[in-house]
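User: I am new to reading protein models, and I would like a close look at a single part. Could you take one helix and walk me through what surrounds it?

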Amino acid sequence: MYASSETTEFGINLEDNPLMGSPEAPVDLYYWSDYQCPFCNRFEQNTFPKLLENYIKPGTVRLVVLEYVTIGDASKTAARMAKCVWRQVKESDPNAFKRWHASIFDAQKKPNSGWAKKQNLLDITESVEGVDASAVASCLQENEQSLAASVANDKKTGNNKGVGVTPTFIFHNPTSGNSTATIQGAQPYPRFEATIEEVRK
């Protein structure tokens with residue numbers, strides 16, 4: 001994982017968003033999700049590990065993690081917390097974000113059932129190696145406006161690109177510029193594979 005402040009050729013500002021993979025990857029994959037979304041969790045558990053192994057690690061796909069809050073206030077809290085975690089670790093230990101992100105999805109329960117309340121999320125954060133939960137709590141308190149703006153900006157950018165549900169994935173080839181494809185929902189891995197191969201041509 002790494003940080004960047006560029007705005008991509010597709011018009012996405014990366015300033016506050018975690019990136020995974022190679023900056024030189026022939027395919028950018030923009031991933032809008034909500035931490036309370038069960039279909040996002042299905043993608044995280046079933047498809048993401050294969051994508052990571054076969055495309056992200058080898059440098060074919062660069063994944064950009066974006067927030068798209070749709071389910072409730074707890075989703076908003078989780079999205080803001082994700083921004084705080086990223087701000088804290090992006091320079092020193094960017095992979096700590098991946099551990100945090102996975103831990104939150106592993107802990108997911110039914111939407112709006114209380115599992116994603118702030119204190120519970122901070123308790124989960126406490127157990128993630130490389131993330132300082134008390135610093136995250138301070139960040140949430142001290143940066144309310146900039147965090148809200150960052151989360152809102154992710155959603156606005158998504159809306160401008162036709163995103164309306166979570167998860168939504170937009171694949172884009174920055175070299176050809178016009179090669180773009182969208183997948184919505186927790187689709188099976190072969191669908192991702194076929195889409196990546198199509199877009200990278």
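Analyst: Happy to help; here is a walk around helix H4, followed by a few other places in the model.

Some ground rules come first. This is a predicted model, in which local features need pLDDT of at least 70 and side-chain atom pairs count only at pLDDT 80 or more, while totals for chains, interfaces and linings use all residues. Residues are numbered from 1 along each chain as its sequence is written, and side-chain values use heavy atoms, leaving out hydrogens and water.

Helix H4 covers residues 118–126. Helices (H or I, at least four residues) and strands (E, at least two) are DSSP runs, numbered from the N terminus. The buried residues of H4 are Leu121, Leu122, Ile124 and Thr125. Here, buried means under 20% relative accessible area, exposed means over 50%, and partly exposed is in between (1.4 Å probe, protein chains only). Looking down the axis of H4, you would see its buried residues fall within an arc of 155°, so they line one face of the helix. That arc is taken from the directions from the helix axis to the C-beta atoms. Gln119 and Glu126, on the other side of H4, are exposed.

What lies over the buried face? The cover of the buried residues of H4 includes helix H2 (73–89), helix H3 (95–106) and helix H5 (133–142).

Let us zoom in on Thr125, which sits in helix H4. Thr125 has a relative accessible area of 0%, so it counts as buried. Beyond its neighbours within four places in sequence, Thr125 is in contact (heavy atoms within 4.5 Å) with Met81, Trp100, Val131, Ala133 and Val136. Turning to Trp100, and again not counting residues up to four places away in sequence, its contacts include Thr125, Met81 and Val131, along with Tyr35 and Ala78.

Trp100 also leads us to the largest nonpolar core, which has 49 residues; Leu51, Phe97, Trp100 and Phe171 are those with the most contacts inside it. A nonpolar core is a set of buried Ala, Val, Leu, Ile, Met, Phe, Trp, Tyr and Cys residues joined through side-chain atoms within 4.5 Å. H2 gives the largest share of this core, eight residues. Another core, of 12 residues, lies apart from it and has Phe10, Tyr30, Val64 and Tyr68 among its members.

The loop between H3 and H4 holds Asn112. Asn112 is not a glycine, yet it has a positive phi of about 55°. Most residues other than glycine have a negative phi, and most peptide bonds are trans. With a relative accessible area of 48%, Asn112 is partly exposed. As for peptide bonds, the one from Thr166 to Pro167 is cis, with omega near -10°. Pro167 belongs to the loop between helix H6 (144–160) and E4.

Finally, try the same reading on helix H7 (residues 189–199). Its buried residues are Tyr189, Phe192, Thr195, Ile196 and Val199. Down the axis of H7, these buried residues fall within an arc of 125°, so they line one face of the helix. Among the elements covering them are strand E2 (27–33), helix H1 (38–56) and strand E5 (180–184). Val199 is buried, with a relative accessible area of 2%. Val199 and Thr180 are 19 residues apart in sequence and 6.3 Å apart in space, C-alpha to C-alpha.
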